[in-house]
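Please open the model in your viewer and keep the selection tool handy. We will walk from the whole chain down to single residues, one stop at a time.

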Amino acid sequence: TCIKFSSVTEKNNERWHSDGILYPKPSWLGEKLLARLARWSVEHKKSEFKSTLSLIPIMKYSRVHQELKEKYREMVKVWPEVTDPEKFVYEDVAIAAYLLILWEEERAQRGVTAKQSFVDLGCGNGLLVHILSSEGHPGRGIDVRRRKIWDMYGPQTQLEEDAITPNNKTLFPDVDWLIGNHSDELTPWIPVIAARSSYNCRFFVLPCCFFDFIGKYHRRQSKKTQYREYLDFIKEVGLTCGFHVEEDCLRIPSTKRVCLTGKSRTYPPTEEASIDTQRTQYITSRQGCPVRLPGRKPSPSPRRVAAGCVGHCDGHRALDARVECVPKARPAERGAGVQVEGPWLPGFHPRDKAERVRNCATLPRDFIDQVVLQVANLLLGGKQLNPRSSQNGSLKPWNGGESLSLADVARELDKETLWRLKRECGGLQTLLRSSHQVFQVLNGRVHIRDWREEKLQKKKQPEAKRRLFSESFKTRLCWFFTHHPDGCALPSDGCPFAHGPGELRPSQTT
């Protein structure tokens, strides 16, 4: 099969039509897939994760997944966000297919026909909400920041711009499922919100960024990967909240593809009050207040929790010096058990409505130019950069420089520069990645970007990216034409940037 497959990709490469969704690209088939198949066939490495799609029928999933790809494939062509349309459409379609099959199996087990309702907390672009709603599941999405694509879905897709702070007012007693798809700071709270919303509320989370109940999650075990440890933490939260927690791997284009679901409880409804006291004490213990949990025990003992909080709690207290043990719980107004009045944990802050810029945009232009010139000079072997080069790089050999690790580059910069980058832009790597025209950062190493290679890659890009590329053509000066000793590697008519002020044209996009 592999031999036939390889011959197909070699023969009719130019005739192969790939839209990036239904059909894989020939280059990927020939260069990536065959090598991976060969490697996987001889590997016997035991994975620390579940096998892919272990909780649902794979044949059903494949059928529904294919139907959804056909149905929503046009989203790639009209995607208005700056994010990669192929990745996000691919991913949300796959997650939607998984949930639809999971819920279909649940209805069959429960003997009901009504489709499950849902709320997606931190819904982002809202595509998952749109697909699930379009497939007949009543639900809505909530996110702190509105996206441009929301206006394209139509009135049947309910999306709300609001910040979620875990408290008695952010409960959903009439909802069947809470969804946390890359929900960031809300991820550990979703099992808690589901447990307190109603006894029949379930949850689905797909963790990505590592957050604790307040602030960033800090590692406690060096024997596990950070991802595995964080998944175990979210599973521990679900168990403490009284859920049977199941783990599965999704078939999505992401390195963070392990999901956790809580479909049923470990206790009868009559024990809701005591279990909620356990939840409250567990949440409190994460902030350095060691307690003894009544009834069922979560996986860490109070002694281990207290020991694990050394150095961990101080970071959270720096966020809010008033963090204290949560006071004694009182009966909830909505009948979901015992809950704390007001915020469940002082110090929690939802993300800002306006996303903080960390891509060097707030740094002075002359400072950025100075760092770019200094790093480029290092990569070119110390050859002095010409501030006004007029040479045409297409007429003579072009110096592409060497590659250096980020650590080597950082050692050549003064401490004041590094501190300023870290404080206002996120670090040296952020600045170099933001200087896309000049540098390429791959696997921790910095290279001078060769735009002759970029031209070859341009034809392989999706239509949305090609459209943006053409709209931004000649709207900025070419750094290489101005600064590189050999000028630009491309002729003027082939370079996407202007070779001098005379070629500049106004930008067509904001």
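Of the 510 residues in the chain, 46% are buried. Keep in mind throughout that this is a predicted model. Colour by secondary structure, and you should find 19 helices and twelve strands. Among contacts with a separation of 6 or more, 67% join residues that are 24 or more positions apart.

**Stop 1: helices H3, H5 and H6**

Select residues 85–110, which form helix H5, together with residues 127–134, which form helix H6. How do the two axes meet? They come within 9 Å and cross at roughly 40 degrees, so H5 and H6 are oblique to each other. The crossing of these two helices is right-handed.

Now show side chains where they touch. On the H5 side, pick Phe88, Val89, Asp92, Val93, Ile95, Ala96, Leu99, Leu100 and Trp103; on the H6 side, pick Leu127, Leu128, Ile131 and Leu132. Sorted by class, this H5 and H6 contact has twelve nonpolar residues, one charged residue and no polar ones.

Keep H5 on screen and add helix H3, residues 58–72. The axes of H3 and H5 also come within 9 Å, with a crossing of roughly 135 degrees. That angle makes H3 oblique to H5, and the crossing is right-handed.

Which residues of H3 should you select here? Take Lys60, Tyr61, Val64, His65, Leu68, Lys69 and Tyr72. Their partners in H5 are Val89, Tyr90, Val93, Ala94, Ala96, Ala97, Tyr98, Leu100, Ile101, Glu104 and Glu105. By class, the H3 and H5 contact has 13 nonpolar, one polar and four charged residues.

**Stop 2: the aromatic rings**

Next, show the aromatic side chains. How many aromatic pairs are there in the whole structure? A search finds 18. Zoom in on tryptophan 189 and tryptophan 344, whose rings are 6.2 Å apart centre to centre, with 40 degrees between the planes, a tilted pair. Tryptophan 189 sits in the loop between strand S4 (177–181) and helix H8 (190–197), while tryptophan 344 sits in the loop between strand S9 (338–339) and helix H13 (365–379), so the pair ties together parts 155 residues apart in sequence. Are these two tryptophans buried or exposed? Tryptophan 189 and tryptophan 344 are both buried.

Move on to phenylalanine 213 and phenylalanine 233. This pair is edge-to-face, with 6.0 Å between centres and 80 degrees between planes. Phenylalanine 213 belongs to the loop between strand S5 (202–206) and helix H9 (226–240), and phenylalanine 233 to helix H9, 20 residues apart. Both phenylalanines are buried.

To see the wider picture, select Trp189, Phe210, Phe213, Tyr217, Tyr227, Tyr230, Phe233, Tyr282, Trp344 and Phe348 together: ring pairs link them into a cluster.

**Stop 3: proline 188 and helix H8**

Select proline 188, found in the loop between S4 and H8. Its relative accessibility is 0%, so proline 188 counts as buried. What does it touch? Leaving aside residues up to four places away in sequence, the contacts of proline 188 are Phe211, Asp212, Phe213, Tyr230, Phe233, Ile234 and Val237. If you draw a distance from the C-alpha atom of proline 188 to that of phenylalanine 211, 23 residues along the chain, the value is 7.2 Å.

Then select helix H8. Its buried residues are Ile190, Pro191, Val192, Ile193, Ala194, Ala195, Arg196 and Ser197. That is eight of the eight residues of H8, so this helix is largely enclosed by the rest of the structure.

**Stop 4: two backbone angles**

For the last stop, turn to two loops. Asparagine 443 has a phi near 50 degrees, a positive value in a residue other than glycine. You will find asparagine 443 in the loop between strand S11 (439–442) and strand S12 (445–448). With a relative accessibility of 81%, asparagine 443 counts as exposed.

Lysine 474 has a phi near 65 degrees, again positive in a residue other than glycine. Look for lysine 474 in the loop between helix H18 (463–471) and helix H19 (479–483). Is this lysine buried or exposed? Lysine 474 is buried, at 9% relative accessible area.

Conventions: Residues numbered from 1 in each chain as written. Predicted model: local features only at pLDDT ≥ 70, side-chain atom pairs only at ≥ 80, totals over all residues. Heavy atoms only, no water. Axes fitted to C-alpha atoms, helices over the stretch in contact; angles between N-to-C directions. Helix = DSSP H or I, 4+ residues; strand = E, 2+ residues; numbered from the N terminus. Parallel < 35°, antiparallel > 145°, perpendicular 65-115°, else oblique. Left-handed = near helix turned anticlockwise from the far one by under 90°. Contact = heavy atoms within 4.5 Å. Nonpolar A, V, L, I, M, F, W, Y, C, P; charged D, E, K, R; others polar. Phe/Tyr/Trp six-rings, centres within 6.5 Å; stacked < 30°, edge-to-face > 60°. Buried < 20%, exposed > 50% of the residue type's maximum accessible area, 1.4 Å probe, protein only.
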